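Welcome! Here is a short guided briefing for anyone meeting this structure for the very first time. Take a look at the sequence and the model, then read on.

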Amino acid sequence: MDIKNAKYEISNADYRKCPAINVPEYAFIGRSNVGKSSLINMIGKSKSLAKTSQKPGKTLLINHFKMDNGTWYMVDLPGYGYAARGKEQRSQFSKIIQEYILGREQLTCLFVLIDIRHSPQKIDLEFLRWLGEHQVPFAIVFTKADKEGPNAGKKKVEEYKKVLKKEWEELPPVFITSSEKWTGREELLDYIFSINKEIAEGEKPHIEEELKPDAEKNAAEI
Ligand code: GDP
């Protein structure tokens with residue numbers, strides 16, 4: 001199965017102003033330059049859906065993309081871990097991200113992007129830990145797989161999993177992608193479509209209302 005269409009809809013700094021439509025939403029996040037815009041463009045089959053930024057940290061807002069005539073959304077979240085803008089602005093990014101993640105009821109799965117070439121970075125591990133603490137459903141997407149050979153790439157992923165296993169009882173779903181080669185696109189879409197189907201068939205929603213912490217209260221904690 002493939003997408004039928006993808007269209008940019010709106011950008012917001014506040015999750016409360018995001019589209020008030022109750023359809024499943026899949027958000028993408030990662031450090032600046034991880035390949036997030038390229039991945040969103042690959043999924044959306046467009047060269048310009050998310051602007052591939054030249055400058056790290058350029059994407060400061062929550063960007064909504066309407067998928068398949070509005071039956072689900074892709075969301076491009078601001079990059080995290082970009083220090084060069086100064087502490088104040090960085091914490092502002094964090095607030096936008098945290099409030100969206102903890103407050104957006106439509107959020108069905110958060111895809112956390114990791115550059116396959118890098119060994120586990122403190123900021124990513126801390127972010128994953130924070131997601132776990134708040135019971136946010138997430139999956140890991142390794143990007144730029146073409147920059148490693150297939151075997152080297154798999155080895156990197158295994159090494160990463162080994163680090164995660166030290167503190168996680170169960171590992172999240174893992175995808176290996178390359179926007180350059182369109183690797184992993186089908187697997188990601190299959191995953192999204194299977195969740196959409198479950199939700200449409202009225203199976204257990206992926207985000208339990210009672211498990212969702214208060215956004216305001218937790219925003220200062222990260
Ligand atoms: P963002 O800042 O996370 O949105 O990252 P971008 O999508 O703008 O990508 C950052 C840089 O990595 C750009 O120069 C992209 O061309 C490059 N890039 C992104 N994805 C891939 C990939 O799958 N393979 C390769 N070789 N380069 C990639």
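**What surrounds helix α1**

The buried residues of α1 are covered by parts of the chain that include β2 (25-30), β3 (62-67), β4 (72-76), β5 (107-115), β6 (138-143) and α5 (185-200). Please keep in mind that this is a predicted model. The notes below start with the whole chain, then turn to α1, the ligand, and a few residues worth finding on screen.

**The chain as a whole**

- The protein chain has 6 helices and 7 strands.
- If you follow the sequence from start to end, these elements come in the order β-β-α-β-β-α-β-α-β-α-β-α-α.
- The protein chain has 222 residues, and 47% of them count as buried.
- Take the contacts between residues at least 6 apart in sequence: 78% of these join residues at least 24 apart.
- The area exposed by the protein chain is about 11800 Å², with 49% of it supplied by carbon and sulfur atoms.

**Helix α1**

- Helix α1 covers residues 36-43, and it is largely enclosed by the rest of the structure because 7 of its 8 residues are buried.
- You can pick out the buried ones as K36, S37, L39, I40, N41, M42 and I43.
- After α1 comes K45, which has a positive phi, near 50°.

**The ligand and its surroundings**

- There are 14 residues around the ligand, and those that come nearest are K36, S37, S38, D146 and S179.
- Sorted by type, the shell around the ligand holds 1 nonpolar, 8 polar and 5 charged residues.
- V34 takes part through its backbone, with an N or O atom 3.1 Å from an oxygen atom of the ligand.
- S37 uses its side chain, where an N or O atom is 2.6 Å from an oxygen atom of the ligand.
- The side chain of S38 likewise has an N or O atom 2.6 Å from an oxygen atom of the ligand.
- The ligand taken alone would expose 580 Å², and the protein buries 80% of that.

**Strand β4 and its partners**

- How much of β4 is buried? The count is 5 of its 5 residues, so the strand is largely enclosed by the rest of the structure.
- The side chains are split between two directions: W72, M74 and D76 point one way from β4, while Y73 and V75 point the other way, and all of them are buried.
- On the β2 side, 4 bridges join β2 to β4, and the two strands run parallel.
- Across from D76 in β4 stands F28.
- β3 is joined to β4 by 5 bridges, and this pair runs antiparallel.
- H64 has V75 in β4 as its bridge partner.
- Together β3 and β4 make a hairpin with 4 residues between them, and D68 in the turn has a positive phi of about 45°.

**D76, a link from β4 to K36**

- D76 belongs to strand β4.
- With a relative accessibility of 2%, D76 counts as buried, since the cut-off for that is under 20%.
- The side chain of D76 makes a polar contact of 2.5 Å with the side chain of K36.
- K36 is also one of the residues that come nearest to the ligand, and it is among the buried residues of α1.

**R185 in helix α5**

- Is R185, a residue at 7% relative accessibility, buried or exposed? R185 counts as buried.
- R185 sits in helix α5.
- A polar atom of the R185 side chain lies 2.8 Å from the backbone oxygen of M42.
- Leaving aside residues up to four places away in sequence, R185 touches D2, I3, M42, I43 and K45.
- Two of these, M42 and I43, are among the buried residues of α1, while K45 follows that helix.

**A152 in helix α4**

- A152 lies in helix α4, which spans residues 150-165.
- A152 has a relative accessibility of 35%, so it counts as partly exposed.
- From A152 to I116 there are 36 residues in sequence, and their C-alpha atoms are 9.5 Å apart in space.

Conventions: Residues are numbered from 1 along each chain as its sequence is written. This is a predicted model: local features need pLDDT of at least 70, side-chain atom pairs count only at pLDDT 80 or more; totals for chains, interfaces and linings use all residues. Side-chain values use heavy atoms; hydrogens and water are left out. A residue is near a molecule or strand if one of its heavy atoms lies within 4 Å of it. A polar contact is a pair of N or O atoms within 3.5 Å; within protein, one must be able to donate a hydrogen and the other to accept it, and residues adjacent in sequence count only if both atoms are side-chain atoms. Accessible areas come from the Shrake-Rupley method with a 1.4 Å probe; for residues, only the protein chains shown count as cover. Ala, Val, Leu, Ile, Met, Phe, Trp, Tyr, Cys and Pro count as nonpolar, Asp, Glu, Lys and Arg as charged, and the others, Gly among them, as polar. Buried means under 20% relative accessible area, exposed over 50%, partly exposed in between (1.4 Å probe, protein chains only). Contact means heavy atoms within 4.5 Å. Two strands pair if DSSP finds at least two bridges between them.
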